[in-house]
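These are my notebook entries on one chain. I set down here what I looked up, entry by entry.

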Amino acid sequence: MKLVVAIIQDKDCHRLLSSLTQAGFRATKLASTGGFLREGNTTLFVGVDDDQVERVVGLIRSTCRAREQLVTPLSPMGGPADAYIPYPVEIVVGGATVFVLTVERFEKF
Ligand code: 2BA
């Protein structure tokens, strides 16, 4: 058995959960926060048999979109703050960050 851990954007969560449950998968949704942007995102746990991993990853891939976002970097530490002109830079967030972990033991009571 594997645990698919997917960090996705909140905007994709509803559609992805619908696709997963319609396909017969069970999922758990956690509210999470990205370390870089410090903004909310969503982490999904999906426990699946080994031979279903690619199907789950395929659903994630087809549902989660990459989106461009403008961020303004913080002023560099130690430098003169008045000489620092913050320019927004564009980053691409998503589609999804996916980890596939081997499950050592699974119990359901
Ligand atoms: P954040 O850490 O808030 O990152 C959001 C986006 O900021 C990233 O999108 C990436 O485009 C950019 N970014 C992150 N760190 C950067 C850096 N050091 N320099 C420049 N740009 C940077 P994604 O790569 O799609 O990541 C989306 C979210 O997935 C991340 O939110 C984080 O919550 C999670 N994530 C990504 N890689 C991870 C990893 N290796 N381990 C754990 N979580 C991860």
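**Entry 1: helix H2.** I call a residue buried when its relative accessible area is under 20%, and exposed when that area is over 50%. The model I am reading is a predicted one. I looked first at helix H2, which runs over residues 53–63. By the cut-off above, I find Val 53, Val 56, Val 57, Ile 60 and Thr 63 buried in H2. These residues lie on the same side of H2, because the arc they cover around the axis is only 135 degrees. For the other side of H2, I noted Glu 54, Arg 61 and Ser 62 as exposed.

I then asked which elements the buried residues of H2 pack against. The list I obtained holds strand E1 (2–8), helix H1 (10–22), strand E3 (40–48) and strand E6 (96–102).

**Entry 2: Thr 63.** I returned to Thr 63, which has its place in helix H2. Its relative accessibility is 5%, so I count Thr 63 as buried. Setting aside the neighbours within four places in sequence, I listed the contacts of Thr 63 as Asp 12, Arg 15, Leu 16 and Ser 19.

**Entry 3: Arg 67.** I next looked up Arg 67, in strand E4, which covers residues 67–71. Is Arg 67 buried or exposed? With a relative accessible area of 15%, Arg 67 is buried, since the cut-off for that term is under 20%.

I checked the side chain of Arg 67 for polar partners. One polar contact, of 3.3 Å, joins the side chain of Arg 67 to that of Gln 9. Another, of 2.9 Å, joins the side chains of Arg 67 and Asp 12. Beyond neighbours within four places in sequence, I recorded Arg 67 in contact with Gln 9, Lys 11, Asp 12, Ile 91, Val 92 and Val 93. I note that Asp 12 appears in the contact list of Thr 63 and also in that of Arg 67.

**Entry 4: cysteines.** How many disulfides does the model contain? The count I obtained is 0. Cys 13 takes part in no disulfide, and the nearest cysteine sulfur, which belongs to Cys 64, is 8.6 Å away. Cys 64 is likewise in no disulfide, its nearest cysteine sulfur being that of Cys 13 at 8.6 Å. The rule asks for sulfur atoms within 2.5 Å, so a separation of 8.6 Å does not meet it. I then looked up the accessibility of both residues. Cys 13 is buried, with a relative accessible area of 4%, and Cys 64 counts as buried at 9% relative accessibility.

**Entry 5: the chain as a whole.** I counted 2 helices and 6 strands in the chain. Reading along the sequence, I wrote down the pattern β-α-β-β-α-β-β-β. The radius of gyration is 18 Å, well over the 13 Å that the globule rule gives for 109 residues, so I describe the chain as more spread out than a compact globule. Along its principal axes, the C-alpha trace spans about 60 × 25 × 20 Å.

Of the 109 residues in the chain, 27% are buried. The accessible surface of the chain comes to about 7,800 Å², and carbon and sulfur atoms account for 55% of that surface. Lastly, I took the contacts between residues at least 6 apart in sequence; 67% of them join residues at least 24 apart.

Notes. Residues numbered from 1 in each chain as written. Predicted model: local features only at pLDDT ≥ 70, side-chain atom pairs only at ≥ 80, totals over all residues. Heavy atoms only, no water. Buried < 20%, exposed > 50% of the residue type's maximum accessible area, 1.4 Å probe, protein only. Helix = DSSP H or I, 4+ residues; strand = E, 2+ residues; numbered from the N terminus. Arc of directions from axis to C-beta. Contact = heavy atoms within 4.5 Å. Rg over C-alpha atoms; globule rule 2.2 N^0.38 Å. Areas by Shrake-Rupley, 256 points an atom, 1.4 Å probe, with all protein chains shown as cover. Polar contact = N/O pair within 3.5 Å; in protein donor to acceptor, adjacent residues only side chain to side chain.
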